[in-house]
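Reader: I'd like to go through a structure with you, feature by feature. Could you show me how to read each one as we go?

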Amino acid sequence: WLGVALVEEGVELRRAGLAAPILVLGAAFPEEAAQAVGSDLRVAVCGRETPLALDRAAAARGRTAAVHVKVDTGMGRLGVSPAEAAAYVEWLGGLPHLRVEGLFSHFAAADEADLSFSRAQLAAFREVVQALEARGRRPPLCHMANTAAVLALPESHLDLVRTGIGIYGLHPSPETPRAAPLEPAMSLRTRVALLKSVPAGTPLSYGRTFVAQRPSRIATLPVGYGDGYPRLLSNRGRVLVGGQSVPLVGRVCMDLLLADVTDVPGAREGDEAVLFGRQGDARIGADDLARLVGTIHYEITCNVGKRVPREYVGGA
């Protein structure tokens with residue numbers, strides 16, 4: 001299966017020729033129902049208007065739309081309350097062109113060392129499942145585990161698991177048990193567009209926040225915050241060039257940034273530069289960048305923009 005946040009993402013995957021089951025996990029609006037049904041997308045539901053729209057769209061096409069009911073066991077975002085879930089599933093069962101295929105919830109703190117809240121969430125979800133079983137309404141697929149729960153709470157695996165950050169080969173947090181041999185699968189790379197020598201005292205980039213303290217060789221890299229590389233890494237980040245870690249100098253611009261390669265005597269224009277990933281024995285992780293800017297590695301990987309070309313290595 002594939003999970004997406006938005007109907008438009010599911011439609012894009014269908015247009016690309018992917019035939020796997022696709023579940024829209026985020027908020028789907030009634031006006032997107034026709035697209036969702038037309039692209040054979042499963043849709044998460046927890047309100048009234050979207051299921052009604054899906055039922056109408058499916059009836060118009062002579063189809064049955066599959067939905068997954070979200071239960072809010074403690075995340076506080078989308079979802080019906082556990083107390084309302086059984087009645088809600090009953091109501092959905094009265095819509096002739098809908099099929100309740102799944103029931104799911106989401107952990108709020110499964111990446112923490114203390115799993116007591118997560119176990120309470122799982123217990124609340126199991127109570128809903130049992131109530132539906134008693135009514136003969138248990139959906140075929142019940143799911144709750146994110147990557148952290150896949151690693152830390154095997155009792156939560158149920159019928160499906162939803163691996164997110166784990167697909168990138170990254171652990172959700174330092175507290176998550178290393179129960180699987182994950183290796184980072186994503187890197188962000190560019191090439192040196194220009195090398196220039198500057199004398200001591202030369203200011204570099206916007207605002208002149210960096211002034212060379214020595215005669216320096218400066219590499220210009222064609223990547224910036226317009227590509228999702230954080231501007232907060234200005235004068236703080238590092239990149240790999242020639243198998244060495246070198247500092248970024250000056251402010252990160254929308255489309256360009258500068259690195260000091262004075263101590264990489266073999267550096268040439270066209271050389272690979274790694275913003276996160278491996279180069280030889282050297283490594284800069286997405287988690288390293290996240291720590292520098294006070295965020296999480298999810299945001300670093302997620303923010304790499306669409307204009308950055310993707311190259312998929314390995315596999316079929």
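Reader: Let's start with strand pairing. In which sense do strand β4 and β5 pair, and over how many bridges?

Author: Before that, bear in mind that this is a predicted model. The general idea: strands of a sheet pair through backbone hydrogen bonds, either parallel or antiparallel. Here, β4 (residues 65-70) pairs with β5 in the parallel sense, over six bridges. To see the register, take V69, which stands opposite L103 in β5, and K70, whose bridge partner in β5 is F104.

Reader: Which sheet do those two belong to, and what is the strand order?

Author: Read across the strands, from one side to the other. The order is β1-β2-β3-β4-β5-β6-β7, an open sheet of seven strands with parallel pairing. At the edges sit β1 (2-4) and β7 (160-161), each of which pairs on one side only.

Reader: Back to β5, then. How many of its residues are buried?

Author: For burial, go by relative accessible area, with under 20% as the cut-off. Strand β5 covers residues 98-104, and six of its seven residues are buried, so by that cut-off the strand is mostly covered.

Reader: And L103, which you mentioned as the one opposite V69: what is L103 in contact with?

Author: Skip the neighbours within four places in sequence and look at what remains. For L103 the contacts are V69, V71, F125, V128, V129, L132, P139, L141, C142 and H143. Now step back to the largest nonpolar core, which has 45 residues. Those touching the most other members are V45, L54, V69, L92 and L103, so both members of our opposite pair are on that list. There's also a second, separate core of 32 residues, with V192, L233, L240 and V252 among its members.

Reader: Let's try another strand pair. How do β12 and β15 run, and how many bridges join them?

Author: Same approach, new pair. Strand β12 (residues 216-221) and β15 run antiparallel, joined by four bridges. One position to look at is L221, which stands opposite L257 in β15.

Reader: Which residues of β15 point which way?

Author: Follow the side chains along the strand. In β15 (residues 257-260), L257 and A259 point one way, while L258 and D260 point the other way. All of these are buried, D260 included.

Reader: T220 is found in β12. Why does T220 count as buried, and what does T220 touch?

Author: The accessibility value settles the first part: T220 counts as buried because its relative accessibility is 13%. As for contacts, leaving out residues up to four places away in sequence, T220 touches R191, V192, A193 and L194, along with L256, L257 and L258. V192 also turned up in the second core.

Reader: For contrast, is R291 buried or exposed?

Author: Exposed, because its relative accessible area is 58%. R291 lies in helix α7 (residues 286-293). Want a distance to check on screen? The C-alpha atoms of R291 and V223 are separated by 20 Å, and the two residues are 68 apart along the chain.

Reader: Let's zoom out. How many helices and strands does the chain have, and what does the C-alpha trace span?

Author: Count the elements, then look along the principal axes. The chain has eight helices and 17 strands, and its C-alpha trace spans about 80 × 45 × 40 Å. Of the 316 residues, 45% are buried. On the charge side, there are 34 positive and 33 negative side chains, and the centres of the two sets lie 4 Å apart.

Notes: Residues are numbered from 1 along each chain as its sequence is written. This is a predicted model: local features need pLDDT of at least 70, side-chain atom pairs count only at pLDDT 80 or more; totals for chains, interfaces and linings use all residues. Side-chain values use heavy atoms; hydrogens and water are left out. Buried means under 20% relative accessible area, exposed over 50%, partly exposed in between (1.4 Å probe, protein chains only). Lys and Arg count as positive and Asp and Glu as negative; His and the chain ends are not counted. The place of a charge is taken as NZ of Lys, CZ of Arg, CG of Asp or CD of Glu. A nonpolar core is a set of buried Ala, Val, Leu, Ile, Met, Phe, Trp, Tyr and Cys residues joined through side-chain atoms within 4.5 Å. Contact means heavy atoms within 4.5 Å. Two strands pair if DSSP finds at least two bridges between them.
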